[in-house]
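Hi,

Here is the structure I said I'd pass along. Have a look at it first, and then read my notes underneath.

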Amino acid sequence: MNSTAGYLISWLTGDASVIEVLMSVFATLTVIFICSPVHECAHALVAKLCGDDTAERMGRVTLNPFAHIDLVGAILIFLCHLGYAKPVPVDLVRCRKVPMRVANLLISIAGPLSNFVMAFILLIPYKIFYVQYVEAFYDPMMAERADVLYWLSMVFYIAAQINVSIMLFNLIPVPPLDGYRVLDTFLSPKAERFIDRNARFFQIGLLVLVLSPILQYPLSFAVRGIMNFLQLPLFFIG
């Protein structure tokens, strides 16, 4: 799975076209300005449903991207297809509608689950455009449309891929990612204190993983598997 940075490097070395770079840029911007706000809004909305209106009072129950975008996280998404937005403030003590641990689990999983759903939704126009591309490719009367249809389909496909990548990345059980909050639901107070005391070291290790190829191979394998799974219900299109 190539990132925008990868496409830029390939373009500079002559191994990728300008259209391929633009395709990745448009897909990434879609994720930053549409999908990331949905992810954070999902956290905030579930928190509200559980009884905590902290995020709502801070204006986070919204799809306005500028309420959620974190500059460094957005740059990471743009370059690496992995990143984050501003964390949603949650006060579990105020979640009186469900037990506190249940609230923590529901709020934490809401963001990654939204990425899973968005990836599936994005694959629908991908499949539609791709089927039209195949038809145009073999039809001399439509040959001129084939390239446009192909690149349109790839924008949606890459955006879906990035959503799956962000979902998996967020499920890594390292603070402050969602995966740690899910794990925190089942941790003993002693283990929770240990991780909180050493959170900085875990975060440095996570940054090393993101910037090195160590995470790339297992993540790419998992992304391909989930993308294939998500496309199974779409066999009826074309």
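**What holds the middle together**

In the largest nonpolar core there are 42 residues, and the ones that touch the most other members are V31, L123, V164, F169, I172 and M227. At least two residues of this core come from each of α2 (18–49), α4 (71–80), α5 (100–137), α6 (143–170), α9 (199–211) and α10 (216–231). Helix α6 gives the largest share, with eleven residues. There is also a second, separate core of eight residues, and C50, A103, I107 and A110 are among them. Before you go further, keep in mind that this is a predicted model.

If you want one residue to click on in the big core, try L123. Leaving out neighbours within four places in sequence, L123 is in contact with Y157, A160, M227, L230, Q231 and L234. M227 is also on the list of core residues that touch the most other members.

**The overall build**

What is the protein made of in terms of helices and strands? It has ten helices and zero strands, so the pattern along the sequence is just α-α-α-α-α-α-α-α-α-α. The radius of gyration comes out at 20 Å, close to the 18 Å that the globule rule gives for 238 residues, so the protein is as compact as a globular protein of that length. Along the principal axes, the C-alpha trace spans about 65 × 35 × 30 Å.

A few totals for your notes:

- 45% of the 238 residues count as buried.
- Of the contacts between residues at least 6 apart in sequence, 71% join residues at least 24 apart.
- The protein exposes about 13,000 Å², and carbon and sulfur atoms supply 71% of that.
- There are 16 positive and 16 negative charges, and their mean positions are 14 Å apart.

**Helix α2 and its partners**

Two residues in α2 are good places to zoom in. The first stop is S24, which sits in this helix. Is S24 buried or exposed? With 0% relative accessibility, S24 counts as buried, because the cut-off for that is under 20%. Not counting residues up to four places away in sequence, S24 touches S3, T4, Y7 and H81. S24 and F156 are 132 residues apart along the chain, but 9.8 Å separates their C-alpha atoms.

H43 is in helix α2 as well. At 5% relative accessibility, H43 also counts as buried. Residues up to four places away in sequence aside, H43 touches V88, I107, S108, A110, G111, P112 and D178. Two of these contacts, I107 and A110, turn up in the second core too.

**The loop between α4 and α5**

H81, one of the contacts of S24, lies in the loop between α4 and α5. H81 counts as buried at 1% relative accessibility. Check its backbone: phi of H81 is near 65°, a positive value in a residue other than glycine.

P89 lies in this loop too, between α4 and α5. Why does P89 count as partly exposed? Its relative accessibility is 23%, and partly exposed covers values from 20% to 50%, so P89 falls in that class. Setting aside residues up to four places away in sequence, P89 touches D52, T54, A55, M58 and R60. How far apart are P89 and M142 in space? Their C-alpha atoms are 52 Å apart, with the two positions 53 residues apart in sequence numbering.

**The start of the chain, and a cis bond**

S10 lies in helix α1 (residues 4–12). Its relative accessible area is 19%, and S10 is buried because the cut-off is under 20%. Beyond residues up to four places away in sequence, S10 touches N2, D15 and A16. S10 and V21 are eleven residues apart along the chain, and their C-alpha atoms are separated by 8.9 Å.

One more backbone item to look at: a cis peptide bond joins P175 and P176, with omega about 10°. P176 is in the loop between α6 and α7 (178–184).

Cheers

Technical notes:
Residues are numbered from 1 along each chain as its sequence is written. This is a predicted model: local features need pLDDT of at least 70, side-chain atom pairs count only at pLDDT 80 or more; totals for chains, interfaces and linings use all residues. Side-chain values use heavy atoms; hydrogens and water are left out. A nonpolar core is a set of buried Ala, Val, Leu, Ile, Met, Phe, Trp, Tyr and Cys residues joined through side-chain atoms within 4.5 Å. Buried means under 20% relative accessible area, exposed over 50%, partly exposed in between (1.4 Å probe, protein chains only). Helices (H or I, at least four residues) and strands (E, at least two) are DSSP runs, numbered from the N terminus. Contact means heavy atoms within 4.5 Å. The radius of gyration is taken over C-alpha atoms; the globule rule is 2.2 Å times the number of residues to the power 0.38. Accessible areas come from the Shrake-Rupley method with a 1.4 Å probe; for residues, only the protein chains shown count as cover. Lys and Arg count as positive and Asp and Glu as negative; His and the chain ends are not counted. The place of a charge is taken as NZ of Lys, CZ of Arg, CG of Asp or CD of Glu.
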